[in-house]
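The exercises below ask you to read a set of contacts, pairings and packing relations from one structure. Work through each task with the coordinates open before turning to the solution beneath it.

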Amino acid sequence: MDLIERANKKEEKKKKGVSLVERAAELSGAPAAVGLGVPKSKLEPSDKRDPSSLNPALAGDEQSAKPKAFKGIGAYDPDAVKQSRVIADEKKIDDTSSTEVIALQEEQPQQSNLSAPRKQKRREEEVDLVALREGGYITPDMPPNLMSEEFRIIKRSILLNAFSKGVQRDKNSNVILVTSSNPGEGKTFCTINLALSIATEQDTTVLLIDADFSKPEVLNRLGVAGGRGLMDVVADEDLELGDCLIRTNIPNLVLLPAGRQHNLTTELLASERMQMIVEELANRYPDRLIIFDSPPVLASSAASVLALYMGQCVFVIEAEQTTEPQIKESLNMISACDNINLLLNQTRFSGSNKKFASYYGYGGR
């Protein structure tokens, strides 16, 4: 009986679809269990659950069906990596301390005001060459004549002394003082002609300074307007010499006005600042000749003070007018300059047979 009943029960359970788990529990005598600690409702399908939750492809959402990349360690996401780099760079900038920024700024080279000269706006004026030629002055565009040849002889000895080589060269030998005993002896006329003649040299430039502070005439005769000049630079330490220079349409000629009149002209010229200015002019450009048109020696004490800084002096004497005592007294007052050249002006007689320029067909007989 037992065998028959057990067989019948077995057939009935087959028909009812008993699970393997229940059969194993029945054979072992243990109570039936559902899964490994998992509720039965989670294992058996239910009509209330959405099938798409088990298989996203059933919902028709292709994007959600794709496996999502794990953005953790060992996963590669190009967009995420690029974004993380940007964030890291920004973090580095934000984390930079103020001391590090200051150190970077200090390491950058800075230009010194001494090594980098300030850009200066120099005046440019046009010399009236036509008026000069009509006034009897030498101009670069005129043909050779008697006077131009005479000044060629005068300037040659001055240039040789100014730019001599070795120990024979005197201090400030390229700084020239042109003066005379009395007014009206042709001092300014000779100064301008000497400067214009030297300006035609190929390797020399000329700085013509109007140093006749009481009666400045150089710029007027050249047709150039005046302005701030030498006296302003000496009196004002904040004013630079380069701000007062005037370039001209003659390539090798630069002008410096006399500047404003001052009641302490002689004292300012004797100052240490004036000495520094002259030394700077003498040494800044090795190819430059500096010419001072000085007041007459017997009319102003400024000439004897200027002679202290000069390497050469051209002393103009008016023929048949300047007396011997005046010449001796004047030369004694400018004796601080060791190299003094005498220039005889307005001569009416020449004992030589020189006929300059007539050889080239320019002069008369």
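**Exercise 1. Determine which residue caps the N-terminal end of helix 9, and describe the helix that follows.**

Step 1. Asn 145 caps the N-terminal end of helix 9, with a side-chain oxygen lying 3.2 Å from the backbone nitrogen of Met 147; a polar contact here is a pair of N or O atoms within 3.5 Å, where within protein one must be able to donate a hydrogen and the other to accept it, and residues adjacent in sequence count only if both atoms are side-chain atoms. The model is predicted, so local features need pLDDT of at least 70 and side-chain atom pairs count only at pLDDT 80 or more, while totals for chains, interfaces and linings use all residues. Residues are numbered from 1 along each chain as its sequence is written, and side-chain values use heavy atoms, with hydrogens and water left out.

Step 2. Helix 9 has 17 residues and reaches 25 Å from its first C-alpha to its last, close to the 24 Å expected at 1.5 Å a residue, the expected span being 1.5 Å times one less than the number of residues. Helices (H or I, at least four residues) and strands (E, at least two) are DSSP runs, numbered from the N terminus.

Step 3. The buried residues of helix 9 are Ser 148, Glu 149, Phe 151, Lys 155, Ile 158, Leu 159 and Ala 162, where buried means under 20% relative accessible area, exposed over 50% and partly exposed in between (1.4 Å probe, protein chains only). These buried residues pack against strand 2, helix 10, strand 6 and strand 7, contact meaning heavy atoms within 4.5 Å.

**Exercise 2. Work out the strand order of the open sheet, and state which strands stand at its edges.**

Step 1. The open sheet of eight strands has the order 1-4-5-3-6-2-7-8, with mixed pairing; two strands pair if DSSP finds at least two bridges between them.

Step 2. Strand 1 (123-125) and strand 8 (340-345) are at the edges, each with a single partner strand, so one side of each is left without a neighbour in the sheet. From one strand to the next, the twist averages 25°; axes are lines fitted to C-alpha atoms, for helices over the stretch in contact, and angles run from 0 to 180 degrees between N-to-C directions.

Step 3. Strand 3 (residues 205-210) and strand 6 (residues 288-293) pair in the parallel sense over six bridges, with Thr 205 opposite Arg 288 and Leu 207 opposite Ile 290. Strand 2 also runs parallel to strand 6, joined to it by four bridges, and Val 178 has Asp 293 as its bridge partner in strand 6.

**Exercise 3. Establish how strand 6 is covered, and which helices lie on the sheet.**

Step 1. Six of the six residues of strand 6 are buried, so this strand is largely enclosed by the rest of the structure. Both of its faces are covered, with Arg 288, Ile 290 and Phe 292 buried on one side and Leu 289, Ile 291 and Asp 293 buried on the other.

Step 2. Helix 9 (residues 146-162) lies across strand 2 (175-180), strand 6, strand 7 (312-318) and strand 8, running at about 160° to strand 7. Helix 10 (residues 187-199) packs on the sheet as well, touching strands that include strand 3 and strand 5 (253-256), and its direction makes about 170° with that of strand 6.

Step 3. Helix 10 is mostly covered, since twelve of its 13 residues are buried.

**Exercise 4. Find the aromatic pair, and explain what its rings tie together.**

Step 1. A search of the whole structure finds one aromatic pair; rings of Phe, Tyr and Trp (its six-membered ring) pair if their centres lie within 6.5 Å, planes under 30 degrees apart counting as stacked, over 60 as edge-to-face and the rest as tilted.

Step 2. The rings of Tyr 137 and Phe 189 have centres 4.8 Å apart and planes at 45°, so the pair is tilted. Tyr 137 lies in the loop between helix 8 (129-134) and helix 9, and Phe 189 in helix 10, so the pair ties together parts that are 52 residues apart in sequence.

Step 3. Tyr 137 counts as buried, at 7% relative accessibility.
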